[in-house]
Amino acid sequence: MLGGDEFISSPPRKTVRFGGTLTDILMKYEKGETTDFELLKHQLSDPDIKKLPWLRRSQEVVEEYLGFLGNLVSAQTVHLRPCLRMIVLQFVPPRITIREDDVDISDSDDDDENLSENFNTCHRALQTVARYVPSTPQFLMPILVENFPFFNKSERTLECYVHNLLRVTVYVPTLRLQILELIIEKLLKLDVSTPQQDIEDAEENANNSDNEEKSTEEGLFHMEEDEERKGNKVVSSSSERMAHPLAERLDILMTILFSYIKDVCHVNGKLDISNTKDLYRDLVSVFDKLILPTHASCHVQYFMFYLCSFKLGLAEAFLDHLWKKLHDPNNASVIRQTAGSYIGSFLARAKFIPVVTVKACLDLLVNWIHKYIDNQDKGANVYCDVALHGPFYSTCQAVFYTLIFRHKQLLDGNLRKGLAYLQSLNFERIVMCQLNPLKICIPSVVNLFAAITRKYQLVFCYTIIERNNRQFLPVVRSGSGGDLVQTCTNPLDSFFPFDPYILKRSKKTIEPFYQFWEELSAEDLENLKKPIKKGTSEDEDDDFLKGETPQNDGVVGIAPNSYESTTRSPLSSIGSPPDCYVPYPQ
């Protein structure tokens, strides 16, 4: 690590350009000889001295320049900002421009083989400045923010800058929280600017285009064996590229962030509890400030998912943190609703959360729901209203969603005990209450919850669903293309933050810990229509019950239900429960 470099432990000798040492000049100045001191001031005020191309020079020149920087900032701190800015500007690869007849014919990143070594030298320079000037961090942070590249810059530029920012946190730990906040804020803006539907459409168009090119070129060219191998290599590397340019940048930067989290938390391949706790506190702070208030981000929030996969205690601490956000009435309603969405999605999708933790969270959520119903029964606002009861509906949806994903694991091993536990949750009271959560929750969740609870005779939801269905009023929107009739299928405007992760490179980090939606076969759908018999033995074979827990399978398309609107629900993406409606058999 750079912190152990000999250069840092032994500061360079302070000398000046025109001879002598800084100490000699200051002693002369005290005696009244001001000539050398005025020359020194002139040297330090020369702006061009900081613009010398020092990185691509010999080692002797580099060392001399580093010594000069130390002299400069210690003698005249007025030059601290320009020196820091000069170093930070080297955090990105230089641009190479080729001109012919006053026209730029090429403008690309410099693929210098020594780029990594240049970055190391920049960090040495920054460490040197920080050592001589203790107030460096407070001047450095605004410069890091100011020089963050725009997203229209090349992937390589963004990659290098973010990587170097994270390296700064190693030797300037007081800036880690602010740097993480800066990076995640930029990633979040990139994420919300790239909707998942746009990414999927771009990938589909790219695949269609590739297929057309292959069919056109097939049989026209015969390549040599070595050329063919080379071509296959190119195809392999390009297959990991995202077709959407912003998604490609986001994918690269998320990969860097995941690598940083792993490297900080693991020392010599083993989890370091102290480092992990410190990083968890920083990332939870960033999560509260940036992620939780942001609606419908798709990928950035997975840094918490990945961090929690290191140790169960972290996952439980994160769930407890979300729970406190949810049930605290002093928090804004939208924050409480989002916290509920995170709890449900995290419980459903995180493979590393055991059933015992799922049960504990369900007990906590369901007890709160019942207490909420008790309190509302005494009041005057006992009617279905999202504005009044948003956190309640969000919590109900979290419970329903968790049950959809985890019901087989909750019933696995001992059917009788599993059913007794689910019956103890008293879903019937929740579904039948005057607040009518089935009317507000997303239809795809409601339909699968209804099918599963009827299967195990926990509660019969279809009468309420049909009644709610008749009460839905279509909304007519006028536009330039004519009137459009829509039905609101998501009154909560809710989303599931840990829906499938689709960035090609960085998803490899997430997939080992991720619970994909189980493929629903025709047999499973048929089983959902058949309720189990009362008194079923725990040893009795049941195909639906004995089925494996959700695997990394795709989704079989199911006929959309009557709730489907013209806009796609977040649940309609690959790897999520499809919009399905399992009718009660007549």
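Start with the contacts of the whole protein chain in this predicted model: among those between residues at least 6 apart in sequence, 75% join residues at least 24 apart. With the whole chain still on display, colour it by secondary structure, and the view should resolve into 26 helices and six strands. If you then colour by accessibility, buried residues account for 46% of the 586 residues in the chain.

Next, select helix α9, residues 176–192, together with helix α13, residues 273–291, whose axes come within 10 Å of each other and cross at roughly 45°. Because of that angle, α9 counts as oblique to α13, and the crossing in which α9 passes α13 is right-handed. To see where the two helices meet, show the side chains on the α9 side, among them R176, L180, I184 and L188, and on the α13 side, where the residues met include D278, L283, V286 and I291. Charged residues can be picked out here as well, since E181 and E185 of α9 and D282 and K289 of α13 belong to the same set of meeting residues.

Move now to helix α6, which spans residues 115–132, and select T128 within it. Is T128 buried or exposed? Its relative accessible area is 4%, and T128 is therefore buried, the cut-off for that class being under 20%. Add R124 to the selection, and you will find its backbone oxygen 2.8 Å from a polar atom of the T128 side chain.

Two cysteines make the next stop: select C83, which is buried with a relative accessible area of 0%, and then C122, which is likewise buried at 0%. There is no disulfide to look for at this or any other stop, as a search of the whole structure finds zero.

The last stops concern the backbone. Most residues other than glycine have a negative phi. Select N268, which is not a glycine and yet has a positive phi of about 55°. Where does N268 sit? Its place is in the loop between strand β3, residues 266–267, and strand β4, residues 270–271. With a relative accessibility of 78%, N268 counts as exposed.

Finish at Q457, another residue that is not a glycine but has a positive phi, here too of about 55°. Q457 lies in the loop between helix α22, residues 443–455, and helix α23, residues 462–471, and its relative accessible area of 33% makes Q457 partly exposed.

Methods
Residues are numbered from 1 along each chain as its sequence is written. This is a predicted model: local features need pLDDT of at least 70, side-chain atom pairs count only at pLDDT 80 or more; totals for chains, interfaces and linings use all residues. Side-chain values use heavy atoms; hydrogens and water are left out. A disulfide is a pair of cysteine sulfur atoms within 2.5 Å. Buried means under 20% relative accessible area, exposed over 50%, partly exposed in between (1.4 Å probe, protein chains only). Helices (H or I, at least four residues) and strands (E, at least two) are DSSP runs, numbered from the N terminus. A polar contact is a pair of N or O atoms within 3.5 Å; within protein, one must be able to donate a hydrogen and the other to accept it, and residues adjacent in sequence count only if both atoms are side-chain atoms. Axes are lines fitted to C-alpha atoms, for helices over the stretch in contact, and angles run from 0 to 180 degrees between N-to-C directions. Angles under 35 degrees count as roughly parallel, over 145 as roughly antiparallel, 65 to 115 as roughly perpendicular and the rest as oblique. A crossing is left-handed if the near helix is turned anticlockwise from the far one by less than a right angle, and right-handed if clockwise. Contact means heavy atoms within 4.5 Å.
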